[in-house]
Structure formats: C-alpha cells, structure tokens
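Here's a quick briefing to read with the model open beside you. Take a look, then work through the points below.

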Number of protein chains: 2
Amino acid sequence: MPAEISGLRMTRQRWEVYRLLMEQRDHPTANDVFIRIKDRLPNISLATVYNCLEALVQHGVIRQVNFERESSRFCPNLEEHGHFHDKRSGTIHDVTFKPGVNLADVLNLPPGTLITDIEITLRGELPVS
Amino acid sequence: MPAEISGLRMTRQRWEVYRLLMEQRDHPTANDVFIRIKDRLPNISLATVYNCLEALVQHGVIRQVNFERESSRFCPNLEEHGHFHDKRSGTIHDVTFKPGVNLADVLNLPPGTLITDIEITLRGELPVS
DNA sequence: ATAGAAATTAGAATTATTCTTGCACGGTCG
DNA sequence: CGACCGTGCAAGAATAATTCTAATTTCTAT
Ligand SMILES: [Mn+2]
Ligand SMILES: [Mn+2]
Ligand SMILES: [Zn+2]
Ligand SMILES: [Zn+2]
C-alpha cells in the first residue's frame, strides 16, 4: 500500500476501496462497495465507505457519477468520457468521444465562459449481443 | 384552461404548475414551485406539486433536470439543450448546440446502439457582466 | 343526479447520505 | 519506552428529498 495517492494519505480502508474500484471497473454504488469489500475488511462501516469514496473523489482519484435520482456511482476511469446507461441490462458503460472532438466547441456559450466540468449521460439500448 | 395538454388531462393544480413553469423560465425545484404557487393555490400540498410535476414530465410537457445530488429541477424548454450551472451566481442556463451538430455522431458507440436520451451538464463561470 | 374513477391532501414512511460521538491507531517527541 | 496529538473509524442517530397511504374531494360519464 502506497503512503499516499494524489496527496491523499492512504489508510487500509481507503486503499481497499480504491483497489476494489480499480479492479472491477464497473460503476458500483457506495452500498455495492460496502458489500463487495466485506471479504477484505469485514469490520468496515458503511459510513467509512462513504468517507473513503468522498476523500478519493475530492482528491481526483475517482469520479462520482449520478443518474437521475439514483444512488451515486463511482468510476475509476479518469479519462474524459461519458456514461451510457443500457436499459436492457441496467449496466453502465463508459463512452469516449471521437478523436479531435472538443465538446465546448459544439455549444453556444457566451464568449469568455469558463467551463470547469462537462458531464454527458446517455440512456438507451445497446445492440443485442 | 385547456381540457388537456399532450394527452394529460388538466386540473386546476396541473394547469397552475404548468403556467408557473412557462412564465418564469428558470429551473425551479418542486419546493420552489410549491412556494411560488401559493398565491394562486393557497391550499395546494407539496405532494400535489410533486404529482403534477411528475405527470407533466411523463407526458413530455416539461423536463426534469438533475445536478449532482441536489433536488430535481424542472424545465419547460422542450428544445434539445443542455444545462450550464454558473458557480458564481448559482443559476442554471439553457445551452443549445451549434447548428448541424448531432451529439451522437461525436461519440464512440457500438453500431446499432439505440439512444433514447442524451443529457449534457456543464459547470463553470459565466463571464462577468 | 348518481356511481365509478381519478386527483388532491395531510401526514407518515422511505432511503441515500451526512452527522455526531466516542474510541482506536500511528507517528512524534521527551 | 510511553504520554501526546491529530486523524480516521465505527455505530447509530439525524437529515431531507421524495414517495406512499388513507381519507376526502372532484371529475366524468351514464
Ligand atoms: Mn447497486
Ligand atoms: Mn431552490
Ligand atoms: Zn465511467
Ligand atoms: Zn432547461
């Protein structure tokens, strides 16, 4: 376990939460993480899972993703990407942009607007197998 | 008051909620609507505001917009657009796309993917006056 | 007008998340 | 080594947006 990641001091709990996200690159909720991590940290509390996820998000190590009013999900992919929600399977997939595309260029915004964050969410159905 | 809008039977409450959204074209929360509408419907309940908003959303008359984990907001603009959240003022602004732009063309998706809905959210700061 | 269906109301319930409090840990310094 | 100090953790309570329940009212259609 490294002493810190991106300036965030590592603890056993933070490290295991981080590793779990990196290993299974889906988009689990805090509760999903809580359930999955019990193997390795049987005594961890849900509050600590929330605390660890928040610390990791605030240090830019993972991203928090929201769909409608559902529970937040957490994503270890730091590349610029959007999220596709497949209605059929209920799964969430990372979606990248075609090369050379700059989202901001495509929007009508007053000149001088400072964009700090863009979020793209799609819903639909992936083609059958 | 029309008998219905987009197949949704109008009631006094639905009509006033709808009118309020159309008049003040900001992005109020359910509670904002509840407070503002008390002039016209002093006895309306918050549950009814939620019910009316849900009915209007489900009939495609208004749109529901979510930012992070904040309360849902409601938008009467049915044109395709995204939402810019200005950190300085806390206000939300509709953002249109440049002409001829098709969001789906810009994304890497498996061929045959059916997209039913795209949502774009931006955060940042608008230029000072 | 009457009966059935649908909407509204008030307040309780739900649930994801945050907060509070006391305890444990780990490094530091005498 | 052993007291100290700051931070993190665990457990459970609190919070708040939203949804649900049950009773009443309003609407629609006969
Ligand atoms: Mn889940
Ligand atoms: Mn508000
Ligand atoms: Zn992702
Ligand atoms: Zn809008």
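The zinc ion (ligand 4) gets its protein donors from His27(B) (NE2), Cys75(B) (SG), His81(B) (NE2), His83(B) (NE2) and Asp94(B) (OD), which sit 2.1 to 2.4 Å from it. Donors here are N, O and S atoms within 2.8 Å of the metal (3.2 Å for Na, K and Ca), and sites may look incomplete since water is not among the atoms. This is a predicted model: local features need pLDDT of at least 70, side-chain atom pairs count only at pLDDT 80 or more, and totals for chains, interfaces and linings use all residues. Side-chain values use heavy atoms, without hydrogens and water.

**Zinc site**
- Along the chain, the donors of the zinc ion (ligand 4) are spaced H-x47-C-x5-H-x1-H-x10-D.
- Cys75(B) is in strand E4 (residues 73-75) of chain B and Asp94(B) is in strand E6 (residues 92-95) of chain B, so this pair ties together parts 19 residues apart in sequence.
- Helices (H or I, at least four residues) and strands (E, at least two) are DSSP runs, numbered from the N terminus.
- Cys75(B) is buried, at 0% relative accessible area, while Asp94(B) is partly exposed at 31%.
- Buried means under 20% relative accessible area, exposed over 50%, and partly exposed in between (1.4 Å probe, protein chains only).

**Aromatic pairs**
- Over all chains, the structure holds 2 aromatic pairs.
- Trp15(A) and Tyr18(A) have ring centres 5.9 Å apart and planes at 35 degrees, so they're a tilted pair.
- Rings of Phe, Tyr and Trp (its six-membered ring) pair if their centres lie within 6.5 Å; planes under 30 degrees apart are stacked, over 60 edge-to-face, the rest tilted.
- Both Trp15(A) and Tyr18(A) are buried.

Terms used:
Residues numbered from 1 in each chain as written. Chains lettered and ligands numbered in written order.
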